[in-house]
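Student: I should like to work through this structure step by step. May we begin once it is displayed?

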Amino acid sequence: MKIYDRSGFPNPARIRIVLAEKGLDSQVEFVPVDLIGAEHKQEAFLAINPSGVIPVLELEDGTLISEATAITEYLDNLDGNPTLTGKSPKEKALVHMMQRRAEAFVLDPVGIYFHFGTSGLGPLLQAFKSPEWEGRKEWAERNRSTVEEGFRYFNKILGASDFLAGDNFSMADITLFAGLAFGDAAGVQVPADLGNLLAWRARVAELPSVKNRSGQAFLPEDAKRLGF
Ligand SMILES: N[C@@H](CCC(=O)N[C@@H](CS)C(=O)NCC(=O)O)C(=O)O
């Protein structure tokens, strides 16, 4: 299997955590895609994923699977023992519901804030992501508020259960964890008074599959290009 991705980016990190959880790291060849150079918006990559985003999983038979949730479902079910996406119909439904909320309330609006409210990944990609228009800053701030509201929502959920979809670590937790890491990079941090959310984050960061990856850094050349 091949995974088109890039070290240091949040959606690829979701899949790297899944691979570690499922013990599949050694079966995957990582193909780096240059997001800062907007390689993913060029014809060659759009033929791999018309949405122009990473990660993408390529199977041995050439099948291309994009969308982190679809990739996670595939990898989690390969061994017939899905641990991240739910086993019963009810578990599956709850994992997908909370996963989507983690995207809609945190990860996606952080992404919008990052691209519209900051210089994002630099001028080459900004031409695709965030054209100049008068509502740009306001759109960014609205999304920042969505994220802050999302933080409060998940803080409440985590006051009542250990993980987002109940007692077990799942795809929903992975999405939110990646969203918080992206928030840090974009400058949207979890406020100190949201104790449940911060305690959950600390616990998740210690999981072996996450621990090795939570320090996942930009490739040195990317860090340099972004001025870190
Ligand atoms: N819905 C997609 C989102 C993927 C996504 O936004 N990936 C980011 C990397 S973290 C990306 O490729 N961004 C580049 C862009 O939007 O131009 C998924 O679940 O895989």
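Student: Which residues of helix H3 (residues 68-77) are buried?

Tutor: The model is a predicted one. A residue counts as buried when its relative accessible area is under 20%. In helix H3, the residues that meet this criterion are Ala 68, Thr 69, Ile 71, Thr 72, Leu 75 and Asp 76.

Student: Within what arc do the buried residues of H3 fall, seen down its axis?

Tutor: These buried residues line one face of the helix, because their directions, viewed down the axis of H3, fall within an arc of 160 degrees.
They pack against helix H1 (10-21), strand E3 (56-58), strand E4 (64-66), helix H4 (89-117) and helix H7 (171-186). The arc asked for is 160 degrees.

Student: What percentage of the area that the ligand exposes alone does the protein bury?

Tutor: Several polar atoms approach the ligand: a ligand oxygen is 2.8 Å from a polar side-chain atom of His 40, and a ligand nitrogen is 3.3 Å from an N or O atom in the side chain of Asn 11. A polar backbone atom of Ala 68 lies 3.0 Å from an oxygen atom of the ligand. Taken alone, the ligand exposes 500 Å², and the share of this buried by the protein is 84%.

Student: Is Ser 209 buried or exposed?

Tutor: Ser 209 belongs to helix H9 (residues 208-214), and its side chain forms a polar contact of 2.6 Å with that of Glu 21. Beyond its neighbours within four places in sequence, Ser 209 contacts Ile 17, Ala 20, Glu 21 and Phe 169. Because its relative accessibility is 5%, Ser 209 counts as buried.

How values were computed: Residues are numbered from 1 along each chain as its sequence is written. This is a predicted model: local features need pLDDT of at least 70, side-chain atom pairs count only at pLDDT 80 or more; totals for chains, interfaces and linings use all residues. Side-chain values use heavy atoms; hydrogens and water are left out. Buried means under 20% relative accessible area, exposed over 50%, partly exposed in between (1.4 Å probe, protein chains only). Helices (H or I, at least four residues) and strands (E, at least two) are DSSP runs, numbered from the N terminus. The arc is that of the directions from the helix axis to the C-beta atoms. Contact means heavy atoms within 4.5 Å. A polar contact is a pair of N or O atoms within 3.5 Å; within protein, one must be able to donate a hydrogen and the other to accept it, and residues adjacent in sequence count only if both atoms are side-chain atoms. Accessible areas come from the Shrake-Rupley method with a 1.4 Å probe; for residues, only the protein chains shown count as cover.
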